[in-house]
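Reader: I have a structure on my screen and would like to understand the labels people attach to its parts. Could you take me through them?

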Amino acid sequence: MSKSRIFRIPSTERGRLAILALSILLPILAATLVCNSLLSWMLRYDAQTTSSSWVSMFVSRNPQVLAIFTGASPSTGTQQHLNEASQVGDIYRLRLWDTSGHLVFSSERLHSAGPPAVDKLPISDVLRSGSVQEEGHTGSPPHDVPYYVESLIPIKQNGAVIGVFDVYLDQSDDKQLYQRSLFLTEAIMGVLVLLAGGIPACMAYRQILEQRAAKAQALYLAEHDSLTGLPNRKQLNDVARTALAASRRNQTCVAALMIDLDRFKEINDSFGHSAGDEVLRNVAIRLLASVRESDSVARFGGDEFIVLQVGLAQPHGASVLAERIIRALSEPYDFGNTPLTSGASIGIAIAPADAGDFDSLLACADVALYKSKAHGRNSVTFFEPGMDAAVRERCQLESDIRRACDTASFQLAYQPLHSFGDGSLVGFEALLRWPEGWSPQQSPSVFIPIAEDSGLILQIGAWVLETACRAAAGWTSPLKVAVNLSPVQFRHGDIVSIVAKALRDSGLPPERLELEVTESLWIQNPDAVLEQLKRLSNMGVSVALDDFGTGYSSLTHLWKFPFENVKIDRSFVNGMESEPKATAIIKAIVALGKMLNLTITAEGVETPLQAQILRAAGCDQAQGFLFGRPLSAASANALANPTCQPARAYPA
């Protein structure tokens, strides 16, 4: 018997083996076909979802790209945005087709309108149906990725298709992950095993979608401001470095405009952070509408924004843009039924004249912005050499103020206040002074505005009230103490509680405290100021209007606000001896005050003739060097003690 005969399988057995093999292979083949179909569907669905979402977001943020479909040539900025977009995430190639089937843009090269893409039939199908189509392809590295899906996404305007985005999405890694997830299903026969294998595949698919969404969200948040949608500093850094490099090659300029909103803190304090957020969103919209397509707008945080202007002659180009921005941001913002106004201050620096790199350019623009804010509302300042020294000096002074607050090193001086009737001492005005021995000495006119700008005046003001009330409570005579309040303390909203605490802790009766405010107090939100002043008056505290006649004087303030005392500014007192009009103004103020039952106090009285004229005019009280210079707390206490110090006669 031959070996072939020994190992020969009968035909009936071969038939059975074939049936058995088929019974094994068919379920495997079916499972494989089902898995492959499922794999293909998931990849295409993933590509369609990702590409459609990305195209929708890109077109909404770059509406100028729509002009390409109507025959317009893409600008340099648009082409740059498209090229950058073709490298976002897993997207590695981008093409745009018009309604005639012409290729109008490719991230590989920019095409002029060529012959219709008659060989690319899906384009015609997409244009005709207006629906998304996608197709998977196996690439040939290194010329292409191992596996990609090409998605054809129609772009509609007014209900009509105007073009097609052709997005190539690299899904090589996703395909491998899907295949690994579905391998168990392909290896097991039967529908039941297929279903069992589909569970981990679905879980993996969901995980991939979640990871992709999280990755896209993280990428977006890393480069954009979540409130306004504008690029943040990180993304602007990349844009600026590219722009500066191009400007060096082309010998052009780049202007950096640093924008800070005026009165934004007041909007937050008065109307809440929701109003502030709405203002910031509107500012972003107005800035985008004010710049050219090639310019860049970013938010740096808070109420600061940056605009980069390229390709124009400077400084003229930046000046024109700054004026346009000032006008745009000065328009009221509609928040419910309340119009809110802000405005902006702008500092401008230009490369390469002011700086060669972006960080230095920003530093120069920030210095110019500081000078602009010092000039007042809605102002524009260009950087000039030497500005940085002034800023460093101001920063040092602000640091010294903060140190004086933390160590309670400020001092109070007390200037006597006398009656014109009998020359008696009626009280003192507490005056803030720079810490003794600190060099250089600073005038209150220098450091108080900086304390107000930085918000440190809130801490300083509370300390002044507490210290002055405690000192007055220790006087043996029931004299008044006058304390100046800053408008910033009223904007913060808790001045009433601060005054109440100072009175409670010191034990000083409210009628012995006089609070002095200036006319700048009610420039904004006068109703809130009036409500706070009435609450203070109801406590028994008297309120004096300081520096009357030099600010935003209005007769309505004298009868609407609960003033008991009006203090005539020293500028009128100084002019009495040489200018008759000054005397006439003082007499008019005194007469008006008498009719309104107000006490009239003259400030800065330095000569007997001034005192004589003021007394004849009917002034009630006076303070100035003629009656006494500011005293230390100990000297003021001695003067306030009648057993230790005789009453002072009225100066002749």
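Author: Happily; what follows goes label by label, setting each value against its cut-off. Please keep in mind that this is a predicted model.

Reader: How do you know how confident the predictor is in this protein?

Author: Confidence is given per residue as pLDDT, on a scale from 0 to 100. The mean pLDDT of the protein is 80, and 82% of its residues reach 70 or more. Two stretches deserve some care: over residues 109-119 the pLDDT is below 50, though the model still gives this stretch 17 contacts beyond near neighbours in sequence. Residues 645-650 are also below 50, with 16 such contacts.

Reader: Thanks! What makes up the overall architecture?

Author: The protein has 23 helices and 20 strands. Of its 652 residues, 44% are buried. Its exposed area is about 32300 Å², with carbon and sulfur atoms supplying 56% of that. Among contacts between residues at least 6 apart in sequence, 65% join residues at least 24 apart.

Reader: Why is I325 called buried?

Author: Its relative accessible area is 0%. Buried means under 20%, so I325 qualifies with its 0%. You will find I325 in helix α11, residues 316-330. Leaving out residues up to four places away in sequence, I325 touches L257, I259, L287, S290, V307 and I346.

Reader: And why is L596 called partly exposed?

Author: L596 has 33% relative accessibility. Partly exposed covers the range between the 20% and 50% cut-offs, so at 33% L596 gets that label. L596 sits in the loop between α21 (580-595) and β19 (599-602). Together with W559 and M595, L596 makes a nonpolar surface patch of about 380 Å².

Reader: On to the rings. Why is the pair W54 and F58 called stacked?

Author: A search of the whole structure finds 14 aromatic pairs. In this one, the ring centres are 5.1 Å apart and the planes meet at 20 degrees. Pairing needs centres within 6.5 Å, and stacking needs planes under 30 degrees apart. Both tests are passed, so the pair is stacked. Both residues lie in helix α2 (residues 11-61), 4 residues apart, which is about one turn of the helix. At 10% relative accessibility W54 is buried, and F58 is buried at 9%.

Reader: What makes F420 and F627 edge-to-face instead?

Author: Their planes are 85 degrees apart, with 6.2 Å from centre to centre. The distance has to be within 6.5 Å and the angle over 60 degrees for that label, so the pair is edge-to-face. F420 lies in the loop between β13 (411-419) and β14 (425-433), while F627 lies in the loop between β20 (621-622) and α23 (633-639), so the pair ties together parts that are 207 residues apart in sequence. Both residues are buried.

Reader: Which residues join W54 and F58 in an aromatic cluster?

Author: F69 and F165 do; the four form one aromatic cluster.

Reader: How do you know that K373 and D260 form a salt bridge?

Author: Their closest N and O atoms are 3.6 Å apart. The rule asks for a side-chain nitrogen of Lys or Arg within 4 Å of a carboxyl oxygen of Asp or Glu, so this pair counts. K373 belongs to helix α12 (residues 358-375) and D260 to strand β6 (residues 254-261), so the pair ties together parts that are 113 residues apart in sequence. K373 is partly exposed at 44%, whereas D260 is buried at 7%.

Reader: How many salt bridges are there in the whole structure?

Author: The search finds 12. One of them joins K501 and D505, with closest N and O atoms 2.8 Å apart. Both lie in helix α17 (residues 495-506), 4 residues apart. K501 is partly exposed at 42%, and D505 is partly exposed at 48%.

Reader: What makes E531 and R535 a salt bridge?

Author: Their N to O distance is 3.9 Å, and the limit is 4 Å, so the pair counts. Both lie in helix α18 (residues 526-538), about one turn of the helix apart. E531 is partly exposed at 39%, and R535 is partly exposed at 40%.

Reader: Which residues are linked in a network of salt bridges?

Author: That network links E429, E516, K567 and E603.

How values were computed. Residues numbered from 1 in each chain as written. Heavy atoms only, no water. pLDDT = per-residue confidence, 0-100. Contact = heavy atoms within 4.5 Å. Helix = DSSP H or I, 4+ residues; strand = E, 2+ residues; numbered from the N terminus. Buried < 20%, exposed > 50% of the residue type's maximum accessible area, 1.4 Å probe, protein only. Patch = residues over 30% accessible without salt bridge, like charges linked within 9 Å, V, L, I, M, F, W, Y side chains within 5 Å. Areas by Shrake-Rupley, 256 points an atom, 1.4 Å probe, with all protein chains shown as cover. Phe/Tyr/Trp six-rings, centres within 6.5 Å; stacked < 30°, edge-to-face > 60°.
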